[in-house]
Amino acid sequence: DYALAAKRLALVVGNSKYPNWPLVNPVNDAQAIARKLTELDFDVTTEFELERDNIGLITEAFLKKVSPDDTVVFFYAGHGVQVAGQNFLLATDARIRTQFDVHRNGIDFSRFLKRLDATRAAVKLVFLDACRNNPFGEKLRGAHSRGLARIGGAPFGTIISFATQPGGVAADGIGDHGLYTAALLEHIDVPGVPVEQMLKRVAASTHRASAGKQ
């Protein structure tokens, strides 16, 4: 039976403890999102403070659990950078001196999307609260100093939600959550609201909370 076979799976990641550029809220954000998704009957894998040696293993292990027709959510809060138009979600112990080091120090987001698409999951929802300033600044040739790059042509059945516009910067927040995650928590479980409409509400709430900056 299709309804019984299809699963709801989620991978939720919060990275805060970057030695030289720590963030306040990603772990709080990930914990709250994980609780909310559990209430929505997702089988949630929650990971914190992923390092270079395990970030790839953990994401790959999760993807191997996904079957065709499943519904999948991926939520990431932490540092992300764009280099040469590609986005990377950084491990907490990332050691990056040149742009060629970036691939070995986090999740290559384009590659992750391709692997997720290859699972043939029916619905794939991706939430990235990772658009902080590039902590490596001008040290990286080809790196953008602000935010993440626009994703061109997301795979079929995939919806990607960023914390702010391409090249923009998302606030870590002064309360328990980043501005974007706080808005997501407010709207994600409202019954009867299509995903696209829910994301519009998240965007509007984030825009208001940031006084139009995000």
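This tour moves through a predicted model, stop by stop, with a selection to make at each one.

**The whole chain**

Begin with the full chain coloured by secondary structure, where 6 helices and 9 strands are assigned. Of its 214 residues, 50% count as buried. Among contacts with a separation of 6 or more, 69% join residues 24 or more positions apart.

**Helix 2 and helix 5**

Select residues 26-39, which are helix 2, together with residues 179-187, which are helix 5. Two packed helices are described by the angle between their axes and the distance between the axes. Here the axes come within 10 Å and cross at roughly 15°. Because angles under 35 degrees count as roughly parallel, helix 2 is roughly parallel to helix 5. The crossing of helix 2 past helix 5 is left-handed.

Next, show the side chains at this contact. Helix 2 contributes D29, A32, I33 and K36, and helix 5 contributes T181, L184 and L185. Sorted by class, the residues of this contact are 4 nonpolar, 1 polar and 2 charged.

**T181 and the buried residues of helix 5**

Keep helix 5 in view and centre on T181, which lies in that helix. Is T181 buried or exposed? Its relative accessible area is 0%, so T181 is buried. Now display what surrounds this residue. Leaving aside neighbours within four places in sequence, T181 is in contact with D29, I33, F75 and D129. Two of these names are already on screen, since D29 and I33 belong to the helix 2 side of the contact with helix 5.

Widen the selection to Y180, T181, A183, L184, L185 and H187, which are buried in helix 5. What covers the buried residues of this helix? The cover includes helix 2, strand 3, strand 7 (123-129), strand 9 (158-162) and helix 6 (195-209). Switching these elements on in turn shows the surroundings of helix 5.

**The aromatic cluster**

From that cover, move to strand 3, residues 71-77, and select F74 within it. Add F109 and F112, which join F74 in one aromatic cluster. The structure as a whole holds 3 aromatic pairs. A pair of aromatic rings is described by the distance of the centres and the angle of the planes.

The F74 and F112 pair is tilted, at 4.6 Å centre to centre and 40° between the planes. F74 sits in strand 3 and F112 in helix 4 (residues 109-118), so this pair ties together parts that are 38 residues apart in sequence. F74 counts as buried at 0% relative accessibility, and F112 is buried as well, with a relative accessible area of 4%.

Turn now to F109 and F112, whose ring centres are 6.5 Å apart and whose planes stand at 20°, so this pair is stacked. These two residues are 3 residues apart in helix 4, which separates them by about one helical turn. An α-helix has 3.6 residues a turn, so residues three or four places apart point the same way. F109 is buried, as is F112.

**Helix 3 and helix 4**

Leave F112 selected and add helix 3, residues 52-65. Helix 3 and helix 4 pack at an angle of about 20°, with axes 9 Å apart. The two helices are therefore roughly parallel to each other, and helix 3 passes helix 4 in a right-handed crossing.

Which residues make the contact? On helix 3 they are T59, E60 and L63, and on helix 4 they are F112, R115 and L116. By class, this contact has 3 nonpolar, 1 polar and 2 charged residues. F112 thus appears both in the aromatic cluster and in the contact between helix 3 and helix 4.

**Two loop residues with positive phi**

Finish with two single residues. Most residues other than glycine have a negative phi, and most peptide bonds are trans. Select D41, in the loop between helix 2 and strand 2 (43-48). D41 has a positive phi of about 70° although it is not a glycine. At 62% relative accessibility, D41 counts as exposed.

Then follow the chain through strand 2 to E49, found in the loop between strand 2 and helix 3. The phi of E49 is also positive, near 50°, in a residue other than glycine.

Key. Residues are numbered from 1 along each chain as its sequence is written. This is a predicted model: local features need pLDDT of at least 70, side-chain atom pairs count only at pLDDT 80 or more; totals for chains, interfaces and linings use all residues. Side-chain values use heavy atoms; hydrogens and water are left out. Rings of Phe, Tyr and Trp (its six-membered ring) pair if their centres lie within 6.5 Å; planes under 30 degrees apart count as stacked, over 60 as edge-to-face and the rest as tilted. Helices (H or I, at least four residues) and strands (E, at least two) are DSSP runs, numbered from the N terminus. Buried means under 20% relative accessible area, exposed over 50%, partly exposed in between (1.4 Å probe, protein chains only). Axes are lines fitted to C-alpha atoms, for helices over the stretch in contact, and angles run from 0 to 180 degrees between N-to-C directions. Angles under 35 degrees count as roughly parallel, over 145 as roughly antiparallel, 65 to 115 as roughly perpendicular and the rest as oblique. A crossing is left-handed if the near helix is turned anticlockwise from the far one by less than a right angle, and right-handed if clockwise. Contact means heavy atoms within 4.5 Å. Ala, Val, Leu, Ile, Met, Phe, Trp, Tyr, Cys and Pro count as nonpolar, Asp, Glu, Lys and Arg as charged, and the others, Gly among them, as polar.
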